[in-house]
Amino acid sequence: MNIQSLGYIGLANQDLPAWRQFSQRLLGTQSTSRHITGAGETLTLRMDDKHHRFLLLAEPQPANTWFGLELANQAALHQACHELKAHGIPFHPSTTEERALRKIEHMVWLNDPDGNRLELYVGLAQAQDPFVPDRPMGGFRTGELGLGHVVLIVPDLDRSQAFYADALGFKVSDYVLTPNRRVFLHTNARHHSVALAERAGSGIAHIMVEVNDFDDVGRAYDVALSDYADRIYSTLGRHSNDHMTSFYLNTPAGFPIEYGWGGRLVDDATWEVGYLFGPSLWGHDRIGGEPAARAAAREQRDIAYREGIRAPLSLPHRDANDE
């Protein structure tokens, strides 16, 4: 299966005014409110020339969270359906209303082993006007890389990795094995579009969005410290695997969003899967996490400190559309 990217994320049963304020003060996405018959009040968050990357609904839905996985065209979607059948994975057709709400041309949906709704889609609509962020900022690193990444909580890492790698075609970038096991999976040059973290429970561990300009991370961190200090989940830091410099802040939905810059890209011709000492080279103190996880992360950072582990900067390429 040739999934192109993580294209969009949908969340229902949301506090839309809180999300709009979150966009205006910190994210810098372009927020637009609408009332849609059959769906009620909605809020879309744009990050680029696509109609949206986040779709937020006020009313609850049968599935309150969904993830759009982009395919190149209808032929690729048909092939994906054949592969799902071959793996014995049930999937479902979409309705006209679902496609209209998401502004997509074609879609089937399925559940992963932990019940997360995945939508294989074609043709997310282009926006009709230029991207104008809710606050002055330099835009987001999207395009062929997609929205960013999502990390999912899974109780059985081996089962979930087999599903995403064997059935959906994601490729392993690397692993972190302590204190809990994590695997990072890519489907384009972004280091990971999906990652799986093994622990009790299910759902979203965090979502990441990447900005074009390093200064936008610093300015967003200033806003986090002034406006959302009690919601900071992880302090500013740099990851050991994708080399992202970022911080984490709890969203109005409750899960953290990682706001970062400088992510490294994967070249499948030369990439070697790594087994890493821990997720961060420095920083990322998990002040919003469990004490045991915070202590374990501190011990892992001490390894990088003692051994002087460092990584080169990966400067994001800027397209003309990003200016």
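**Exercise 1: Y275 and its partner**

Work out whether Y275 is buried or exposed, and find what its ring pairs with.

*Solution.*
Step 1. Y275 has a relative accessible area of 58%. Exposed means over 50%, buried under 20%, and partly exposed in between (1.4 Å probe, protein chains only), so Y275 is exposed.

Step 2. Before going on, know what you're looking at: this is a predicted model, where local features need pLDDT of at least 70, side-chain atom pairs count only at pLDDT 80 or more, and totals for chains, interfaces and linings use all residues. Residues are numbered from 1 along each chain as its sequence is written, and side-chain values use heavy atoms, with hydrogens and water left out.

Step 3. Now the rings: the whole structure has 11 aromatic pairs (Phe, Tyr or six-membered Trp rings with centres within 6.5 Å; planes under 30 degrees apart are stacked, over 60 edge-to-face, the rest tilted). Y275 pairs with Y175, at 5.1 Å centre to centre and 10° between the planes, so this one is stacked.

Step 4. Place the partners. Y175 is in strand β10 and Y275 in strand β17, so parts 100 residues apart in sequence get tied together. (Strands, E, at least two residues, and helices, H or I, at least four, are DSSP runs numbered from the N terminus.) Y175 has 15% relative accessibility, so it counts as buried.

**Exercise 2: A tilted pair**

Describe how the rings of Y233 and Y248 meet.

*Solution.*
Step 1. Their centres are 6.5 Å apart and their planes make an angle of 55°, a tilted pair.
Step 2. Y233 sits in strand β14 and Y248 in strand β15 (residues 245–250), with their positions 15 residues apart in the chain.
Step 3. Y248, at 7% relative accessible area, is buried.
Step 4. Elsewhere, W19, F22 and Y228 make up one aromatic cluster.

**Exercise 3: Charges that meet**

For each of the salt bridges K171–D268, E210–R190 and E98–R117, say where the partners sit and whether they are buried or exposed.

*Solution.*
Step 1. Get the rule straight: a side-chain nitrogen of Lys or Arg must be within 4 Å of a carboxyl oxygen of Asp or Glu. The count by this rule is 13.

Step 2. Take K171 and D268, at 3.2 Å from N to O. K171 belongs to strand β10 (residues 171–176), while D268 is in the loop between β16 (256–261) and β17 (274–276), 97 residues away along the chain. K171 is partly exposed at 43%, and D268 is also partly exposed at 43%.

Step 3. E98 and R117 meet at 3.2 Å as well. E98 is in helix α3 (residues 96–102) and R117 in strand β8 (residues 117–122), 19 residues apart. E98 and R117 are both buried.

Step 4. E210 and R190 come to 2.9 Å, N to O. E210 is in strand β13 (residues 203–210) and R190 in the loop between β11 (182–186) and β12 (194–198), so parts 20 residues apart are tied together. E210 and R190 are buried too.

Step 5. Check for shared partners: E98, R102, R117 and E119 are joined into one network.

**Exercise 4: One helix residue**

Where does A295 lie, and how far is its C-alpha atom from that of D285?

*Solution.*
Step 1. A295 is part of helix α6.
Step 2. With 28% relative accessibility, A295 counts as partly exposed.
Step 3. D285 is 10 residues from A295 along the chain, and their C-alpha atoms are 9.0 Å apart.
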